Amino acid sequence: MLELQSNEIHLWVVEDQLISDESLLAKYQTLLNAEEQKRFERKIFPKHKKQFLVSRALLRSVLGAYLRQAPEDLVFARNAYGKPRIASFEKSLPISFNLSHTNGLSVLAVTLEHEIGVDVEYLTRKVDILKLAERYFSEQEFLDLAARDVKDFNQHFFDLWTLKEAYIKACGMGLAIPLKDFSFHFNNKRLGITFDAARADNPELWQFWQFVYKSNFEIALALKLNQQQGLSKIVCKQGRPLDKFINAEIEMLKYSA
Ligand SMILES: CC(C)(COP(=O)(O)OP(=O)(O)OC[C@H]1O[C@@H](n2cnc3c(N)ncnc32)[C@H](O)[C@@H]1OP(=O)(O)O)[C@@H](O)C(=O)NCCC(=O)NCCS
């Protein structure tokens, strides 16, 4: 059984490559409901099938342990933009969570009450940086990126990408929020957000964190509070669903209070 304090965020991290045990993967499959089973069957490549199984097992087993429910009994609903929430038991424990997966890594962030968003990307992912940045970043972010020298150009692109995704995921509206309507800015180890007039939001209510995980992955977390309060505490756990997790150290790159 898992406990969660009101000022804590638990960040659960699973690397696909650590799971090769067929009997464990078979157990994961027994947790899927009919809709998840169909999604699993639609995936063609074994690595995508495995990633899907691992992320569903992570979601169901961890949330089940907080909610004192069998993983396979959890019922999820989605908002109009696709953000999942627990459909049942919501009132007994106001749990808030968000999931992100990328090539080889699944990350689940869990907290109480407050809206949370998480995004993970792998840093060697090949993308047309300038094209994406011009299309999705605010003018200020684009200029800031373009001014970077070669050695931190890629890293800074992923800093911005993951933070912007974490913010829209916390809001729960995906790309219905124009990504140009808000900007992240960095000052040494601090980061902040500003909103255009079109986006009525308050920077004081947001907390953000960013980590590099195992040098290959970048993780960003966004948390919206109801009122200004002290920085939340992050507890990171690394391991295998339905098996073992240990507390893990992750390098904190930047954060904002
Ligand atoms: C769908 C979206 C919410 C995240 O997509 P993503 O980054 O590809 O995927 P992630 O792995 O981080 O997150 C997917 C998970 O987020 C959750 N999710 C789905 N819709 C969501 C929403 N509206 N809000 C928050 N979370 C959502 C789900 O749990 C989903 O996993 P599941 O379908 O297996 O349950 C949306 O932001 C999107 O389409 N982004 C496109 C990425 C992009 O082009 N970004 C440009 C930045 S430069």
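**Notes on the ligand site**

1. Let me start with the ligand: 22 residues surround it, each having a heavy atom within 4 Å of it. Tyr-81, Ser-100, His-101, Glu-165 and Lys-169 are the closest. Please keep in mind that this is a predicted model, with local features needing pLDDT of at least 70 and side-chain atom pairs pLDDT 80 or more, while totals for chains, interfaces and linings use all residues. Residues are numbered from 1 along each chain, and side-chain values use heavy atoms, without hydrogens and water.

2. Now the polar contacts (N or O pairs within 3.5 Å). A backbone N or O atom of His-101 lies 2.8 Å from a ligand oxygen, and for Leu-99 the backbone distance to a ligand oxygen is 3.3 Å. Glu-165 takes part through its side chain, with an N or O atom 2.9 Å from an oxygen of the ligand. On its own the ligand has 910 Å² of accessible area, and the protein covers 80% of that (Shrake-Rupley method, 1.4 Å probe).

3. Which elements give two or more residues to the shell around the ligand? They are strand 4 (95-102) and helix 6 (150-171). By class, the shell has nine nonpolar, six polar and seven charged residues, with Gly counted as polar.

4. The ligand takes up the space of the largest pocket, an open set of points on a 1 Å grid with protein on both sides within 12 Å along at least five of seven lines. The pocket holds about 670 Å³ of space. Its lining numbers 31 residues, and Arg-78, Leu-99, Ser-100, His-101 and Lys-169 are the closest to its centre.

Conventions. A polar contact is a pair of N or O atoms within 3.5 Å; within protein, one must be able to donate a hydrogen and the other to accept it, and residues adjacent in sequence count only if both atoms are side-chain atoms. On a 1 Å grid over the protein atoms alone, a cavity is a set of points where a 1.4 Å probe fits but cannot get out, and a pocket is an open set with protein on both sides within 12 Å along at least five of seven lines; lining residues have an atom within 4 Å of a point. A molecule sits in a cavity or pocket if more than half of its atoms lie within 2 Å of its grid points. Helices (H or I, at least four residues) and strands (E, at least two) are DSSP runs, numbered from the N terminus. Grid points are joined across faces, edges and corners, and a volume is the space filled by probe spheres set on the points.
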